[in-house]
Amino acid sequence: MTRSFGHFRSGGFFPARVLRSFLKHPGTGKNISIQAIGLSLYEELPGTTSEQIGREVIRTQWLGPESRALLGRRVLIIDEVDDSRTTLAYAIKELQLDVEEQLKSFPEAEREAKRTKFAVFVVHNKKKPKAAELPADIPYFAGEE
């Protein structure tokens with residue numbers, strides 16, 4: 001089974017790139033892939049209203065058909081800071097929904113083996129009340145609390 005890295009917002013790309021240097025594909029020893037998604041909560045973007053900023057997660061980049069490449073893999077979602085946890089929870093929920101939609105094209109007996117296993121790594125977890133909870137079955141790793 002291979003690992004894929006993802007990031008959201010611009011904050012996760014640098015730590016994902018650094019980790020990629022140390023984690024290699026177990027079968028080939030080659031670098032593992034980085035898949036990027038973009039989410040914004042506080043950034044003013046074209047077409048957003050002042051009511052959306054800080055309240056609604058906006059997708060700025062998503063996997064699209066590439067989400068099928070996540071099936072049967074272990075995916076580490078990486079971000080620099082876990083602040084309110086709003087975008088992190090959104091990313092997990094939406095990626096899981098994408099995977100479940102893709103799994104519908106397989107016979108039910110094959111779905112569990114193809115189900116993606118997600119985990120989260122953040123460089124810094126701000127110790128404060130969070131606006132969202134992560135699913136209990138998602139491993140969570142923080143470099144600093």
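A search of the whole structure, which is a predicted model, finds 1 aromatic pair. The two partners are tryptophan 62 and tyrosine 90, whose ring centres lie 6.4 Å apart. Their planes meet at 75°, and because planes over 60 degrees apart count as edge-to-face, the pair belongs to that class. Tryptophan 62 is found in the loop between strand 4 (58-61) and strand 5 (74-82), while tyrosine 90 belongs to helix 2, so the pair ties together parts that are 28 residues apart in sequence. Both tryptophan 62 and tyrosine 90 are buried.

Rings can also have a charge above them, and two arginines are worth a look here. Arginine 59 lies over the face of tryptophan 62, at 3.9 Å from the ring centre. Tryptophan 62 thus has a place in the aromatic pair and also carries arginine 59 over its face. In the second case, arginine 85 has its charged end over the ring of tyrosine 140, at 5.1 Å from the centre of that ring.

Arginine 85 deserves a closer reading. This residue is located in the loop between strand 5 and helix 2. Its relative accessibility is 13%, and because a value under 20% is called buried, arginine 85 falls into the buried class. The backbone has something to show as well: phi of arginine 85 is near 75°, a positive value in a residue other than glycine. Most residues other than glycine have a negative phi.

Stepping back to the whole fold, the protein chain is built from 3 helices and 7 strands. Read from the N terminus on, these elements follow the order β-α-β-β-β-β-α-α-β-β. The C-alpha atoms fill a box of roughly 45 × 35 × 30 Å along the principal axes. For a chain of 145 residues, a compact globule would have a radius of gyration near 15 Å, and the 16 Å of the protein chain agrees with this. Of the 145 residues, 40% count as buried.

Leucine 19 offers a contrast to the buried residues described above. It sits in helix 1 (residues 13-22). With a relative accessible area of 23%, leucine 19 is partly exposed, because that class takes in values between 20% and 50%. Leucine 19 and leucine 41 are 22 residues apart along the chain, and their C-alpha atoms are separated by 25 Å.

The last topic is the empty space in the model. The largest pocket has a volume of about 180 Å³. The elements that give two or more residues to its lining are helix 2 (86-103) and strand 6 (117-125). Helix 2 provides the largest share, with 3 residues. Among the residues lining this pocket are Gln96, Val99, Glu100, Lys117, Phe118 and Asp137. By class, the lining has 4 nonpolar, 2 polar and 5 charged residues.

Cavities were searched for too, and the count comes to 2 cavities of 30 Å³ or more. The second largest cavity has a volume of about 40 Å³. Its lining includes Ser40, Glu43, Thr48, Gln52 and Ile58. Leucine 41, already met as the distant partner in the comparison with leucine 19, is another of the lining residues of this cavity. The lining divides into 3 nonpolar, 3 polar and 2 charged residues.

Conventions
Residues are numbered from 1 along each chain as its sequence is written. This is a predicted model: local features need pLDDT of at least 70, side-chain atom pairs count only at pLDDT 80 or more; totals for chains, interfaces and linings use all residues. Side-chain values use heavy atoms; hydrogens and water are left out. On a 1 Å grid over the protein atoms alone, a cavity is a set of points where a 1.4 Å probe fits but cannot get out, and a pocket is an open set with protein on both sides within 12 Å along at least five of seven lines; lining residues have an atom within 4 Å of a point. Grid points are joined across faces, edges and corners, and a volume is the space filled by probe spheres set on the points. Helices (H or I, at least four residues) and strands (E, at least two) are DSSP runs, numbered from the N terminus. Ala, Val, Leu, Ile, Met, Phe, Trp, Tyr, Cys and Pro count as nonpolar, Asp, Glu, Lys and Arg as charged, and the others, Gly among them, as polar. Rings of Phe, Tyr and Trp (its six-membered ring) pair if their centres lie within 6.5 Å; planes under 30 degrees apart count as stacked, over 60 as edge-to-face and the rest as tilted. Buried means under 20% relative accessible area, exposed over 50%, partly exposed in between (1.4 Å probe, protein chains only). A charge sits over a ring if NZ of Lys or CZ of Arg is within 6 Å of the ring centre and within 35 degrees of the ring normal. The radius of gyration is taken over C-alpha atoms; the globule rule is 2.2 Å times the number of residues to the power 0.38.
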